[in-house]
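Here are a few exercises to work through with the model open beside you. Try each task before reading its solution.

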Amino acid sequence: MTIVFDKTKALTEAAMHYCPGCTHGIIHRLVAEALDELGLLGRAIGVAPVGCAVFAYNYFNCDMVQAAHGRAPAVATGLKRARPECMVFTYQGDGDLAAIGTAETIHAAMRGENITVIFVNNAIYGMTGGQMAPTTLLGQVTQTTPYGRDKALAGSPLRVSEMLGTVDGAAYVERVAVDSVKNVRGAKRAILKAFKTQAAGQGFSLVEVISSCPTNWGLEPPAALEWLREHMLPVYPLGVYRDKIGDEVAA
């Protein structure tokens, strides 16, 4: 019998703890499939800091390191410099990477560290109960912005991919989403390219994944995906924001 679909070896059998409708599970699978398909699993090291993905070490079937809140790029830098033959990636949320971890991310990119960052943007702090994040949209209601995010008080949402697109040391930066089959396929292609960029020794790569958080948005899963399309994608347009090497590693 011909096998048309099989479970990737890069994920364990552990049941994931994420809320119903959360798209972290989809993103986990895409990262795992990329490592598996590229034959990189045996030398992969993942770094997960504090946040919804703090238990990622239970799900990825590779060596995992837990970092302090926001410090995953710094930990990944140390790992990659000590073991340059390894495939080092971080898996971070927006409350982590775009807040307490902003400096680590920017300077890792500035130095051109040869690591891969998977950045999950759901515009809210998920694990701690739904507070405003740096990526929260203007007018968006959260636990700490009950009347909506006010630009005069909290500024505008931080657009990480646009910012890193200006950094010389960054080799590849792309924003994707996982709200539809088409976009999931695009996200898979981007994650593959990010790992290929690292494997080719080209430097820092980041894939920003626009994700949903039904629980903290107060929506059912299908409605959360619609909200993502209607409200998040106009603020966070999908696309490539830096690509120093073009199609050199695309094959």
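**Exercise 1.** In this predicted model, decide whether R175 is buried or exposed, then find which partners its side chain reaches.

*Solution.*
- Start with the relative accessible area of R175, which is 1%. Buried means under 20%, so R175 is buried.
- Next, place the residue: R175 sits in strand β5 (residues 170-177).
- Now follow the side chain. It makes a polar contact with the side chain of E208 at 3.1 Å, and it reaches the backbone oxygen of P237 at 2.8 Å.
- Finally, look at the surroundings. Neighbours within four places in sequence set aside, the contacts of R175 include R159, V160, S161 and E162, as well as I210, Y236, L238, G239 and Y241. E208 and P237 are also among them.

**Exercise 2.** Work out how helix α2 and helix α4 cross, and what kinds of residues make their contact.

*Solution.*
- Take the axes of α2 (residues 72-82) and α4 (residues 102-110): they come within 7 Å and cross at roughly 40 degrees.
- Angles under 35 degrees count as roughly parallel, and 65 to 115 as roughly perpendicular. The crossing therefore makes α2 oblique to α4.
- On the α2 side, the contact is made by P73, A74 and T77; on the α4 side, by E104, T105 and A108.
- Sorting these residues gives three nonpolar, two polar and one charged.

**Exercise 3.** How many aromatic pairs does the structure hold, and what is the geometry of F55 with Y57 and of W217 with W227?

*Solution.*
- The count comes to six aromatic pairs.
- For F55 and Y57, the ring centres are 6.2 Å apart and the planes stand at 85 degrees. Planes over 60 degrees apart count as edge-to-face, so that is the class of this pair.
- Both of these rings belong to partly exposed residues: F55 has a relative accessible area of 35%, and Y57 is at 36%.
- For W217 and W227, the centres lie 4.6 Å apart with planes at 50 degrees, so the pair is tilted.
- This tryptophan pair links distant parts of the chain, with W217 in helix α8 (residues 214-217) and W227 in helix α9 (residues 221-235), 10 residues apart.
- W217 counts as buried, at 13% relative accessibility.

**Exercise 4.** Which residues form one aromatic cluster?

*Solution.* Display the rings of F60, F89, Y91 and F195: together they form one aromatic cluster.

Definitions and conventions. Residues are numbered from 1 along each chain as its sequence is written. This is a predicted model: local features need pLDDT of at least 70, side-chain atom pairs count only at pLDDT 80 or more; totals for chains, interfaces and linings use all residues. Side-chain values use heavy atoms; hydrogens and water are left out. Axes are lines fitted to C-alpha atoms, for helices over the stretch in contact, and angles run from 0 to 180 degrees between N-to-C directions. Helices (H or I, at least four residues) and strands (E, at least two) are DSSP runs, numbered from the N terminus. Angles under 35 degrees count as roughly parallel, over 145 as roughly antiparallel, 65 to 115 as roughly perpendicular and the rest as oblique. Contact means heavy atoms within 4.5 Å. Ala, Val, Leu, Ile, Met, Phe, Trp, Tyr, Cys and Pro count as nonpolar, Asp, Glu, Lys and Arg as charged, and the others, Gly among them, as polar. Buried means under 20% relative accessible area, exposed over 50%, partly exposed in between (1.4 Å probe, protein chains only). A polar contact is a pair of N or O atoms within 3.5 Å; within protein, one must be able to donate a hydrogen and the other to accept it, and residues adjacent in sequence count only if both atoms are side-chain atoms. Rings of Phe, Tyr and Trp (its six-membered ring) pair if their centres lie within 6.5 Å; planes under 30 degrees apart count as stacked, over 60 as edge-to-face and the rest as tilted.
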